[in-house]
2 protein chains.
Amino acid sequence: MVKSKNEAEIAILTAAKSIFSVKGKDGATMQEIANEAGINKALLHYYFRNKDLLFEEVFLDAVKKFHPILKNAIEQEVDLYQKIHQICEAYITMAIDNPFVPVFVLSEVNKQPELFIQKMFGGDLPDFPKLAAQIKREVSLGNIKPIHPQQLILNMMSMCVFPFVFKPIFIIGMQADKELFNQLMLERIKAVPHFIIDSIKI
Amino acid sequence: MVKSKNEAEIAILTAAKSIFSVKGKDGATMQEIANEAGINKALLHYYFRNKDLLFEEVFLDAVKKFHPILKNAIEQEVDLYQKIHQICEAYITMAIDNPFVPVFVLSEVNKQPELFIQKMFGGDLPDFPKLAAQIKREVSLGNIKPIHPQQLILNMMSMCVFPFVFKPIFIIGMQADKELFNQLMLERIKAVPHFIIDSIKI
DNA sequence: ATTTAGTTTAACCGTTTGGTTAACAAAAGT
DNA sequence: ACTTTTGTTAACCAAACGGTTAAACTAAAT
């Protein structure tokens, strides 16, 4: 069964993405990925020299896509309310389109934080301190209620990302199904910013 | 070097907890745990027959402690605002005292959701639907702003738990340190309920 | 037609890993 | 005193795993 150019490589990346995302880097095996991709295990090593490189490829492929979007949303020079809308939309939309990324990132980042963040952002993290400064300014101008900027940022990030790692528990605990979950996530693109702004507006 | 009764067992559990929590079930090795515990690898299998059982023991030990507290906080028959305070306090306090549990649970639950939740709650999940009903009632009575109960619950859970899995990214991204992080978490016991109530109160 | 370069596979290899065995030491029970 | 139970270890084993090799197949280039 000869595949046309690149077909095997794509099959590998797809399989690896799907398996790494549920089993993690350590839980997945090369054999398993090869099976899922419908190719021989040696071909994995032909295209991607070893497990680490395959993992990095899959991971960076997933992460680098939305990194500029998030960075842009966080650093843009706009009104705070508008910025909250943009950040939430960026994060939630990203997570809807790549639901495995959050659980992926949060599982691995807790194993080797510095190394992982280095690979993920390459010293180019979104400028959270700048966002914190903007919030602080709005508070001192009396435009929003007093709140610690870092708490507000944590709240926002939490509400955007957490549901996607919490999904299995939520579905079982709420006796919901995937369709309802997806619908709720779509609603959250608007609902989360409104919830935040309702809380901080004077 | 003979240890007094139970000493080895405790050393094993402590070591396993610490290693499982950062490396996950698959990333950790029995040898590693034995070394950390300062005992022979065979002794692991003497006390805990195999890796799965050791993991389960460690995990249940961590989880079962606070399960009744959470369940109680969620199902208690009190005023909604009071209940929000209780739930947030229960979750955040638990996470402060056992910071490894959230990352632990969320990493593993996404691998085998049903099985894991079964082991975790044993068919005795907190009654989230009941909480949802209470929220719905308050909305229809006009006591709080209109909001989908499930969204409110997601928001609350997110803000309580997420910071603990997000910690490494937050510390690096915010140029913070562990002390600041811990202080922020203590503040959140009160800050999160206030943030929520500010958002939903009329 | 033959070479050449790229692709794919089966079989193999060395290590690591989870787990076992058998022997030994200490305590407890008689 | 001695037997049994419990705790502990070093050495070992089989399986799984990541990775390699060498050969076969394909298709385009010469």
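## Exercises: chain A meets chain B, and both meet DNA strand C

Across the interface of chain A and chain B, 15 residue pairs come up as polar contacts, with both partners at pLDDT 80 or more. Keep in mind that we're working with a predicted model.

**Exercise 1.** Work out which helices of chain A supply at least two residues each to the side that touches chain B, and which helix gives the most.

*Solution.* Start with the list: helix 1 (7-27), helix 6 (100-109), helix 7 (113-121), helix 8 (128-140), helix 9 (149-173) and helix 10 (178-200) of chain A each put in at least two residues. Now look for the top contributor: that's helix 9 of chain A, with 19 residues. Last, sort this side of chain A by class, and you get 34 nonpolar, 11 polar and nine charged residues.

**Exercise 2.** Describe how much chain A and chain B bury between them, and how many salt bridges they share.

*Solution.* First, who takes part? Chain A brings 54 residues to the contact, and chain B brings 54 residues too. Next comes the area: people often quote the size of an interface as the accessible area lost when the parts come together. Here chain A and chain B bury about 4,900 Å² between them, and 71% of that sits on carbon and sulfur atoms. Then count the salt bridges between chain A and chain B: there are two. A:Lys145 pairs up with B:Asp198 in a salt bridge, with 3.5 Å between the closest N and O atoms. The cut-off for a salt bridge is 4 Å, so this pair makes it in.

**Exercise 3.** Find the residues closest to DNA strand C, and say which parts of the strand the protein touches.

*Solution.* Begin with the surroundings: DNA strand C has 17 residues around it, and the closest are A:Asn40, A:Tyr47, B:Met30, B:Lys41 and B:Lys51. Then split the strand's own atoms: of those within 4 Å of the protein, 54% belong to sugar or phosphate, and the rest to bases.

Now for individual distances. On the phosphate side, a polar backbone atom of B:Met30 is 2.9 Å from a phosphate oxygen, and a polar backbone atom of B:Ala28 is 3.5 Å from one. On the base side, an N or O atom in the side chain of B:Lys41 is 2.2 Å from a base oxygen.

Zoom out to the elements: helix 3 (41-47) of chain A and helix 3 (41-47) of chain B are the ones giving two or more residues to the surface near DNA strand C. Helix 3 of chain A gives the most, with four residues. Finish with the classes: this surface has 10 nonpolar, four polar and three charged residues.

Technical notes
Residues are numbered from 1 along each chain as its sequence is written. Chains are lettered from A and ligands numbered from 1 in the order in which they are written. This is a predicted model: local features need pLDDT of at least 70, side-chain atom pairs count only at pLDDT 80 or more; totals for chains, interfaces and linings use all residues. Side-chain values use heavy atoms; hydrogens and water are left out. A residue is near a molecule or strand if one of its heavy atoms lies within 4 Å of it. A polar contact is a pair of N or O atoms within 3.5 Å; within protein, one must be able to donate a hydrogen and the other to accept it, and residues adjacent in sequence count only if both atoms are side-chain atoms. Ala, Val, Leu, Ile, Met, Phe, Trp, Tyr, Cys and Pro count as nonpolar, Asp, Glu, Lys and Arg as charged, and the others, Gly among them, as polar. Contact means heavy atoms within 4.5 Å. Buried area is the accessible area (1.4 Å probe) that two parts lose on being put together, summed over both. A salt bridge is a side-chain nitrogen of Lys or Arg within 4 Å of a carboxyl oxygen of Asp or Glu.
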